[in-house]
Amino acid sequence: MQTLERQSTNAADLVDTTIHRRKTRPVKIGSVTIGSDFPVVVQSMINEDTLDIEGSVAGIRRLHEIGCEIVRVTVPSMAHAKSLAKIKEKLAATYQTVPLVADVHHNGMKIALEVAKHVDKVRINPGLYVFENSSDERIEYSDDEFKAIGEKIRETLEPLVISLRDQGKAMRIGVNHGSLAERMLFTYGDTPEGMVESALEFIHICQDLDFHNLIISMKASRVPVMLAAYRLMARRMDELGMDYPLHLGVTEAGDGEYGRIKSTAGIGTLLAEGIGDTIRVSLTEAPEKEIPVCYSILQALGLRKTMVEYVACPSCGRTLFNLEEVLHKVREATNHLTGLDIAVMGCIVNGPGEMADADYGYVGKTPGYISLYRGREEIRKVPEDQGVEELINLIKSDDRWVEPPTE
């Protein structure tokens with residue numbers, strides 16, 4: 001009888017479950033650093049008019065207080081750009097300095113030069129930074145026309161690059177699938193390749209001017225396009241010896257459950273592949289609603305730990321208590337204990353095995369009773385109505401309890 005050779009179970013032979021991020025250079029945005037040696041950074045954008053100084057300061061503060069590490073504002077005019085000086089000053093006087101990014105669009109060189117004095121990073125969109133005259137009769141761009149526009153872009157971009165370089169500030173080259181320049185559309189089509197080539201054109205200009213504080217984004221509203229564009233961008237940069245960090249996002253993701261799922265499908269997939277250094281979830285909701293989604297994505301992938309990780313079974317006929325109700329009670333009592341893994345399992349069949357990586361476990365043992373675990377070790381069996389209280393006592397006995405913050 002033929003037998004199969006036993007497979008090795010040495011640790012070296014096991015599948016690696018760690019996400020290995022693509023190696024990128026560090027880029028400082030004020031007090032925050034983006035790059036693969038640093039945690040993935042969470043960003044969002046206020047929706048207040050930047051001319052509204054008080055409202056903008058309040059919006060930035062709300063975001064920063066709940067964990068948004070970099071805040072973006074829009075500057076559609078010179079007046080908006082100058083307002084940022086007052087916003088920055090008021091933030092420092094009434095709260096603290098917050099890393100700020102300014103969004104510049106549509107022939108924005110003069111605006112960009114002004115705003116570069118007041119923020120830590122300027123975001124430009126290659127498809128909009130230099131206006132290209134379009135024509136319904138055009139069927140192609142000649143090599144000379146393509147080159148001439150490229151020279152105009154260089155001429156317009158150079159003053160901004162020099163300003164940011166000399167101040168030690170940063171730029172995001174933010175390509176959007178929906179706003180590719182016309183000559184890119186004619187040359188490459190409405191494709192991820194066109195998005196990548198658009199970014200590379202701007203990157204090469206920056207490199208020629210010895211400016212490397214760059215962040216790159218390849219946003220699209222369709223997840224498959226977004227995934228393809230970022231993967232191609234990472235591959236092309238690797239081929240060209242570039243190591244610029246990538247800012248991930250699904251633009252115009254919408255709202256509600258689907259907006260969150262759509263964002264997670266795009267951002268989470270790339271992060272799992274090691275691609276991405278900073279993220280923004282773009283929801284058609286209050287900006288503050290974006291931050292919990294960002295942290296949930298990062299926590300689920302093991303890239304950051306900013307909350308309690310709850311492990312809970314989906315419930316079945318073996319469940320010995322109201323799992324949904326108990327999980328809610330456990331969460332209410334412990335959700336301030338950042339860094340802990342807590343399992344709530346309905347029965348003994350799967351409980352100890354499925355929750356093996358948890359710090360503490362709450363498991364249905366027999367009707368009316370639950371067992372409390374520390375890791376894989378069963379510590380005590382207690383009446384169900386004392387379960388949450390005794391779980392807290394167990395955590396306290398290990399000196400891992402902190403009192404919840406007071407309102």
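A crossing of two helices is right-handed if the near helix is turned clockwise from the far one by less than a right angle. That term comes up at several stops in this tour of a predicted model.

**Stop 1: helices 7 and 8**

Select residues 192-208, which form helix 7, and residues 223-239, which form helix 8. The two axes come within 9 Å and cross at roughly 45 degrees, and that makes helix 7 oblique to helix 8. Place one helix in front of the other: helix 7 passes helix 8 in a right-handed crossing.

Now show side chains. On helix 7, the residues in contact are P192, E193, M195, V196, E197, A199, L200 and I203. Facing them on helix 8 are V225, A228, A229, L232, M233 and R236. Colour this contact by class, and 11 residues come up as nonpolar and 3 as charged, with no polar ones.

**Stop 2: helices 1 and 2**

Move to residues 53-65 for helix 1 and residues 78-94 for helix 2. Here the packing angle is about 55 degrees and the axes are 9 Å apart, so helix 1 is oblique to helix 2. The handedness of this crossing is again right-handed.

To display the contact, pick I53, E54, S56, V57, I60 and R61 on helix 1. Add S83, K86, I87, K90, L91 and T94 from helix 2. The mix of classes is 5 nonpolar, 3 polar and 4 charged residues.

**Stop 3: helices 11 and 13**

Next, select helix 11 at residues 323-334 together with helix 13 at residues 387-397. Their axes lie 10 Å apart, at an angle of about 40 degrees. Helix 11 passes helix 13 in a right-handed crossing.

From helix 11, K329, V330, A333 and T334 take part in the contact. Helix 13 contributes V388, L391, I392 and I395. By class, 6 of the contact residues are nonpolar, 1 is polar and 1 is charged.

**Stop 4: the largest pocket**

Turn on a surface and centre the view on P292, T306, M307, V308 and N335. Of the 16 residues lining the largest pocket, these are the closest to its centre. The volume of this pocket is about 500 Å³.

Which elements give two or more residues to the lining? They are helix 10, at 290-300, and strand 11, at 309-312. Helix 10 gives the most, with 6 residues. Coloured by class, the lining of the largest pocket shows 8 nonpolar, 5 polar and 3 charged residues.

**Stop 5: the second largest pocket**

Finally, select M45, R72, T251, R280 and S282, which lie nearest the centre of the second largest pocket. This pocket has a volume of about 340 Å³, and 20 residues line it.

Add strand 4 (70-74) and strand 7 (170-176) to the display, since each is a source of lining residues. Each strand supplies at least two of them. How do the residues of this lining divide by class? There are 4 nonpolar, 7 polar and 9 charged residues.

Technical notes:
Residues numbered from 1 in each chain as written. Predicted model: local features only at pLDDT ≥ 70, side-chain atom pairs only at ≥ 80, totals over all residues. Heavy atoms only, no water. Axes fitted to C-alpha atoms, helices over the stretch in contact; angles between N-to-C directions. Helix = DSSP H or I, 4+ residues; strand = E, 2+ residues; numbered from the N terminus. Parallel < 35°, antiparallel > 145°, perpendicular 65-115°, else oblique. Contact = heavy atoms within 4.5 Å. Nonpolar A, V, L, I, M, F, W, Y, C, P; charged D, E, K, R; others polar. 1 Å grid on protein atoms, 1.4 Å probe; cavity = no way out; pocket = protein on both sides within 12 Å on 5 of 7 lines; lining within 4 Å. Points joined across faces, edges and corners; volume = space filled by probe spheres on them.
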